[in-house]
Amino acid sequence: MKYFYKNLSIWLIIGLIGIVLINVFKKPPDDIIHVNYTDFLKRIDQGVIPDIKMEGNVITWTNSNGESFKTVSPDNPTTVAPLLKSGVNIEVREPKKPHWFLQTFLSWVPFLLIIFLWFFFTQQGGEKGGGGKAMAFGKSRARLIDGQESKIKFKDVAGVDEAKDELVEIVDFLKDPSRFSEAGARIPKGVLLYGEPGTGKTLLAKAIAGEAGVPFFSISGSNFVEMYVGIGASRVRDLFKEGKKKAPCIIFIDEIDAVGRHRSAGGGGGNDEREQTLNQLLVEMDGFEGNEGVIIIAATNRQDILDPALLRPGRFDRQVMVPLPDVGGREQILKVHAQKIQVHSDVNWKIIAKGTPGFSGAELANMVNEAALMVARKGDGGKVTMDIIEKAKDKVMMGAERRSLIITDKEKKITACHEAGHALTAWMLPGADPVHKVTIIPRGKALGLTMQLPEEDKLSHSKSYLFNNLCILLGGRIAEELAFGDVTTGAGNDIDRVSDLARKMVCEWGMSEEIGTITFKSASPAPGYPGPLISEATAKEIDGAVKSLINSAYETTKKILSGNRKILDAMTQALLDHETIITEDIKKIVKENS
Ligand code: ADP
Ligand code: ZN
């Protein structure tokens, strides 16, 4: 509705300005002959002018041939004296004024313009949460989209059928709240959607609004928590007030963890502002009945850190997990997004779905979009092919290529050798994920990359699989050592990851013989906990176990790489020649050099 008024006012103003311009530039009829005043008086004297019309000091007349004349007289009351004397018939008219409406309008134009501009900017600012902050002070910045306008339906959300099943009931309720309250059914007030980022939580909430045809308010938890104390709480109040006015409706709070973090946990000392906001949220949720037709849907990817108070009955007591899609789900999501683009007939979504384990819905959508963009950039009106999707996948997985980065030959050699080390280790270790692609084209922060793709979705990992990963991570550094007798900082990130993984294997997954099956998850105690949870002796043991795990991975890798030096060097050379090699190339290199 707001947009309707905005449009209307824009058209009104354009229309009015048009009228003014037409009036200003309206051409006078140009067949009037100008006569100067002296001539005019002469003609009066000659008696050739029988009658005249005076309008202000403009005098017009018509001669016997029907020609029109005009003259301008001096501003002087004596003007008429000679005319009267000569007996001319004088018709005096009131000077022509602009239409009253135009006149009023013209005097108001500046005001209208100012008001219009003010509206325009404050509204824009309010929506984007930027500029018009001063005006929107304390007002909830929830955006209202009329239910009819949220065109998203359940069919647009693919691969999360179980979550959808759990939410159908909410749609039915919103469509006809009275039916439920008559039956005495208890409907949850709040639904918490949790899962990895980009799995479609926002999309689901919008789809519920779309299916039920109710308004959808959305706000992000981080919007609540602002610099000024008290703003967050008043935002929450406003949000609920608006929501109740528009019931039945959906209030969607994204990133609820920003406000709803466990009150005792997290960053040094309490955050008063956040706590006040959270309290207000709890008060509001308790303050209305479930049958009022307002449903609060919140989304988070950190359900574990939420304050338990939020999850109590009568608040977010319904929790729905929105998982990363599996192979079938990914295929469906790809197909949903493929509808929007031109796809070549060689594209097989099933194969693409298989090659994108771990991708979220957002990443898949992103990939399809990226592919469409690549085609559009070429501008030859072509369609999206398998090849292009493969390129788009790389881009989504590793960030855009940075071909312009200048790298010295020496650096390039080291990078090639480093990546070959990762790739060869992965190739040689039985049970490791297959190597998909190796490249020394810098992407994002990395100078090179070795990509492995698991053959299927993995929900848990065996110890041998994780040990292989330690080896593969170390492969880069060890290859450098073997080839150059020196090492570089390029392996810094690998070493970070090795240490992290090894520590987790020992402390969280009970995978060290020395330590046994005990977890030390809380080796770093929660803030405020008095003293460490583990004894100094145990800490030493853990360190020892982590070290020996890494050492044994190091030895294994070194054996593999030094035993296959020829292949390592050939692979390095291939990378230097081609920059990117894929599974097939590696197969060939290994065959030719062993
Ligand atoms: P979340 O809120 O879980 O972080 P979003 O709902 O914002 O994720 O998802 C971002 C985008 O990714 C969506 O707008 C949509 O284009 C795409 N997307 C994510 N999940 C799905 C899905 N299950 N089906 C279709 N598209 C999806
Ligand atoms: Zn590396």
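Is His418 buried or exposed? The points below take up this residue, the metal site around it, the site of ligand 1, and one further residue.

1. The model is predicted, and the remarks that follow should be read as remarks on a prediction.

2. His418 is buried, because its relative accessible area is 6% and the cut-off for that label is under 20%. His422 is likewise buried, at 6% relative accessibility. Both histidines belong to helix α18, which covers residues 409-428. Four residues separate them, or about one turn of the helix.

3. These two histidines serve as donors to the zinc ion (ligand 2), each through NE2. Asp494 (OD) also coordinates the ion. The coordinating distances are 2.0 to 2.1 Å. Along the chain, the donors of the zinc ion are spaced as H-x3-H-x71-D. Water is not among the atoms, so the site may look incomplete.

4. Ligand 1 is surrounded by 15 residues. Ala158, Gly198, Lys201, Thr202 and His337 are the closest of them. By residue class, the shell consists of seven nonpolar, six polar and two charged residues.

5. Several polar atoms of ligand 1 can be paired with protein atoms. A polar side-chain atom of Thr202 is 2.5 Å from an oxygen atom of the ligand. On the backbone side, an N or O atom of Ala158 lies 2.7 Å from a nitrogen atom of ligand 1, and a polar backbone atom of Gly200 is 3.1 Å from one of the ligand's oxygen atoms. The protein buries 79% of the 560 Å² that ligand 1 exposes when taken alone.

6. Three helices each contribute at least two residues to the shell around ligand 1: α8 (201-212), α14 (327-338) and α16 (361-378). In terms of domains, at least three shell residues come from domain 2 (143-263 + 272-321), and at least three from domain 3 (327-397).

7. A separate point concerns Thr580, which is found in strand β14 (residues 580-582). Its relative accessible area is 28%, so Thr580 is classed as partly exposed. In sequence, Thr580 and Ile441 are 139 residues apart. In space, their C-alpha atoms are 7.3 Å apart.

Note on methods
Residues numbered from 1 in each chain as written. Chains lettered and ligands numbered in written order. Predicted model: local features only at pLDDT ≥ 70, side-chain atom pairs only at ≥ 80, totals over all residues. Heavy atoms only, no water. Near = heavy atom within 4 Å. Polar contact = N/O pair within 3.5 Å; in protein donor to acceptor, adjacent residues only side chain to side chain. Areas by Shrake-Rupley, 256 points an atom, 1.4 Å probe, with all protein chains shown as cover. Nonpolar A, V, L, I, M, F, W, Y, C, P; charged D, E, K, R; others polar. Domains from an automatic or database assignment. Donors = N, O, S within 2.8 Å, 3.2 Å for Na, K, Ca; no water. Buried < 20%, exposed > 50% of the residue type's maximum accessible area, 1.4 Å probe, protein only.
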